[in-house]
Amino acid sequence: MFTEESDCSWSIAFSPDGKHLVSAHEKEKAQVWDIENGEPIAELSSNRPRDVTKYKGDDRQIQRILKSLEKGSEDKRTPTKAIAFSPNGDLIAGNVGGQIWLWDTTTYEIRMVICLPQGCGRAEALTFSPCGRYLVSGASWLDRLGIDKVSIRLWDVAIGENIATFWSHPTDIQSLAFSPDGTLLASGSYDGTILLWDMKPYFPHIDTH
């Protein structure tokens, strides 16, 4: 047993080589474990970086965070929920405080923080494309906004840019998965529906012949 039973585990994921496991918890920071000996080898920081170049995404959210850092606001011990390894094992993605964080698995330091657009619910589900170039996030539903659909967003991992957004599910996106060839994305919602999305128009590198 890797962890004590006193802390809820939100999400877990194996590294592609099967040597490591990353776990996201209700009360603690996400941890990376050595499978062979069951020992923790790293704790993924959830302290907001002060390097402004690490922030991508919504400009208004970025400015709000930077102003908070300038005022010396203390970092809260924000738990990580959804968690995912990239296919080549060089990145871990997680939802921290409503933003998408990317950690480098060589140093376990923060590589990027993607700030979601205003009014977008936190990323309840995350998955990398099989090629590793893209990350997909599924949002939670925000009833205070009065919207009848929630978003699924496709991100370019290298630059942190939202290159496509899909709207259909009326409630929280609970799970996401790619087909092995990357041509289809499946999304599962809290209301029990599962949708399939054709990803070929967004992945020009995919050979469908």
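This report walks through the fold, one sheet, two hairpins and the aromatic pairs of a predicted model.

## Ground rules

Since this is a predicted model, local features need pLDDT of at least 70 and side-chain atom pairs count only at pLDDT 80 or more, while totals for chains, interfaces and linings use all residues. Residues are numbered from 1 along each chain as its sequence is written, and side-chain values use heavy atoms, with hydrogens and water left out.

## The chain at a glance

The chain has one helix and 16 strands. Both kinds of element are DSSP runs numbered from the N terminus: helices are H or I with at least four residues, strands are E with at least two. Of the 209 residues, 47% are buried. Here buried means under 20% relative accessible area, exposed means over 50%, and partly exposed is in between (1.4 Å probe, protein chains only).

About 11,100 Å² of the chain is exposed, and carbon and sulfur atoms supply 49% of that area. Accessible areas come from the Shrake-Rupley method with a 1.4 Å probe; for residues, only the protein chains shown count as cover. As for contacts (heavy atoms within 4.5 Å), take those between residues at least 6 apart in sequence: 41% of them join residues at least 24 apart.

## A mixed sheet with a helix on it

Five strands make up an open sheet, in the order 5-9-8-7-6 and with mixed pairing. Two strands pair if DSSP finds at least two bridges between them. Strand 5 (55–57) and strand 6 (80–85) sit at the edges with a single partner strand each, so one side of each has no neighbour in the sheet. From one strand to the next, the twist averages 25°. Strand 5 runs parallel to strand 9, with three bridges between them, and Lys-56 stands opposite Ile-114 in strand 9.

Helix 1 (residues 59–70) packs on this sheet, where it touches strand 5, strand 8 and strand 9. Its direction makes about 155° with that of strand 5. For such angles, axes are lines fitted to C-alpha atoms, for helices over the stretch in contact, and the values run from 0 to 180 degrees between N-to-C directions. Gln-63 belongs to helix 1 and is partly exposed, at 42% relative accessible area. Gln-63 and Val-52 are 11 residues apart in sequence, with their C-alpha atoms 9.6 Å apart in space.

One loop residue deserves a look as well. Tyr-108, in the loop between strand 8 (99–104) and strand 9 (110–115), has a positive phi of about 60° although it is not a glycine. Tyr-108 is also buried, with a relative accessible area of 17%.

## Two hairpins in a row

Strand 14 (residues 173–178) and strand 15 (residues 184–189) run antiparallel and are joined by five bridges. Phe-178 stands opposite Leu-185 in strand 15. This hairpin has five residues between the strands, and Gly-182 takes a positive phi near 80° there.

Strand 15 also pairs with strand 16, again antiparallel and over five bridges. Here Ala-186 faces Leu-196 in strand 16 as its opposite number. Four residues lie between the strands of this hairpin, in which Gly-192 has a positive phi near 95°.

## Aromatic pairs

A search of the whole structure turns up five aromatic pairs. Rings of Phe, Tyr and Trp (its six-membered ring) pair if their centres lie within 6.5 Å; planes under 30 degrees apart count as stacked, over 60 as edge-to-face and the rest as tilted. One of the five is the stacked pair of Phe-166 and Trp-197, at 5.1 Å centre to centre and 25° between the planes. Phe-166 is in strand 13 (residues 161–167) and Trp-197 in strand 16 (residues 194–198), so this pair ties together parts 31 residues apart in sequence. Both rings belong to buried residues: Phe-166 has 6% relative accessibility, and Trp-197 has a relative accessible area of 16%.

Phe-166 also pairs with Tyr-202: the ring centres are 5.2 Å apart and the planes are at 70°, so this pair is edge-to-face. That links strand 13 to the segment after strand 16, with Phe-166 and Tyr-202 36 residues apart. Tyr-202 counts as partly exposed, at 33% relative accessibility. Elsewhere, ring pairs link Tyr-134, Phe-178 and Phe-203 into a cluster.
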